[in-house]
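Notebook open, model loaded. I want to jot down what I look up as I go.

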Amino acid sequence: MQPIHYIIIFAVLLILFLAVIRANKKDFKLEINKLVEYLGGKDNIIDTEAEMSRFKVTLKDVSKANKEGIMKLGAKGVVEIEDQLKIIFGKDAKKLKKYMDDLK
C-alpha cells in the first residue's frame, strides 16, 4: 500500500470517530429544559446548589416534581427532604447549577 492510502484510511476513520462522538453527545440545553419541567417549572424553583456530584434544589411545592422523569434524564438517585430534592447527577451537577442560574 502506498502512504496516500494510509492517509485516506486514517481520515475516514477519524471522520467516523467524530461522527459517533457527536451522535452520542447529549443536547445539554434540551436536558436542562426537561429538568426544569420535571421540577415543576421555572416558577417552582427557589434555589439551586451543587455539592460535588449532588444537585440540590429548593422548591416551592415538592409535590410538583416528577422524580421518575428526573431519573430518566440520567440521575442516579433522588432524595426528598422537606422542600428540597437532592439529585445525584455525577460530574454534571456543577454544569446543571450554572445553566439553572442562567435561566433566572
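**Entry 1: a buried strand residue.** I started with I87, which has a relative accessible area of 0%, so I put it down as buried. This is a predicted model, so everything I note here is computed from it. I87 sits in strand 4. What does I87 touch, once I skip residues up to four places away in sequence? I get L39, S53, R54, F55, V57, I70, A75, G77 and V78. I also checked R54 by C-alpha atoms: R54 and I87 are 33 residues apart along the chain, yet 5.5 Å separates the two atoms.

**Entry 2: the core.** Next I pulled up the largest nonpolar core, which has 19 residues. Which of them touch the most other members? They are L35, L39, F55 and I87. I then looked at where the core residues come from: helix 2 (28–38), strand 2 (54–59), strand 4 (84–88) and helix 4 (93–103) each give at least two. My margin note says that in soluble globular proteins nonpolar side chains tend to be buried together.

I followed L39 a bit further. Leaving out residues up to four places away in sequence, L39 touches N44, I45, V57, L59, K64, A65, I70, L85, I87 and M100.

**Entry 3: the overall layout.** I stepped back to the whole protein. I count four helices and four strands, and from the N terminus the order reads α-α-β-β-α-β-β-α. Of the 104 residues, 30% are buried. For contacts with a separation of 6 or more, I noted that 56% are between residues 24 or more positions apart. The exposed area comes to about 7500 Å², with carbon and sulfur atoms supplying 59% of it.

**Entry 4: a polar pair.** I looked up T58 in strand 2 and Q84 in strand 4. Their side chains make a polar contact at 3.4 Å. Is T58 buried or exposed? Its relative accessible area is 12%, and the cut-off for buried is under 20%, so T58 is buried. Apart from neighbours within four places in sequence, T58 is in contact with N44, I45, I46, D47, D83 and Q84. On the same terms, the list for Q84 is K56, V57, T58, V62 and V79.

**Entry 5: two odd phi values.** Most residues other than glycine have a negative phi, so I went looking at positive ones. M52 has phi near 55° and is not a glycine. Where is M52? I found M52 in the loop between strand 1 (45–51) and strand 2. Its relative accessibility is 73%, so M52 goes down as exposed.

E82 also has a positive phi, about 55°, and is not a glycine either. E82 lies in the loop between strand 3 (77–81) and strand 4. With a relative accessible area of 70%, E82 is exposed.

**Entry 6: a nonpolar surface patch.** Last stop was the surface. I4, I7, I8, I9, V12, L13 and L16 form a nonpolar patch there, and together they have about 650 Å² of accessible area. I picked I8 for a closer look, and it is in helix 1 (residues 3–24). Why do I call I8 partly exposed? Its relative accessible area is 46%, which falls between the 20% and 50% cut-offs.

Notes:
Residues are numbered from 1 along each chain as its sequence is written. This is a predicted model: local features need pLDDT of at least 70, side-chain atom pairs count only at pLDDT 80 or more; totals for chains, interfaces and linings use all residues. Side-chain values use heavy atoms; hydrogens and water are left out. A nonpolar core is a set of buried Ala, Val, Leu, Ile, Met, Phe, Trp, Tyr and Cys residues joined through side-chain atoms within 4.5 Å. Buried means under 20% relative accessible area, exposed over 50%, partly exposed in between (1.4 Å probe, protein chains only). Contact means heavy atoms within 4.5 Å. A polar contact is a pair of N or O atoms within 3.5 Å; within protein, one must be able to donate a hydrogen and the other to accept it, and residues adjacent in sequence count only if both atoms are side-chain atoms. Patches are made of residues with over 30% relative accessible area and no salt bridge: like charges are joined within 9 Å, nonpolar side chains (Val, Leu, Ile, Met, Phe, Trp, Tyr) within 5 Å. Accessible areas come from the Shrake-Rupley method with a 1.4 Å probe; for residues, only the protein chains shown count as cover. A salt bridge is a side-chain nitrogen of Lys or Arg within 4 Å of a carboxyl oxygen of Asp or Glu.
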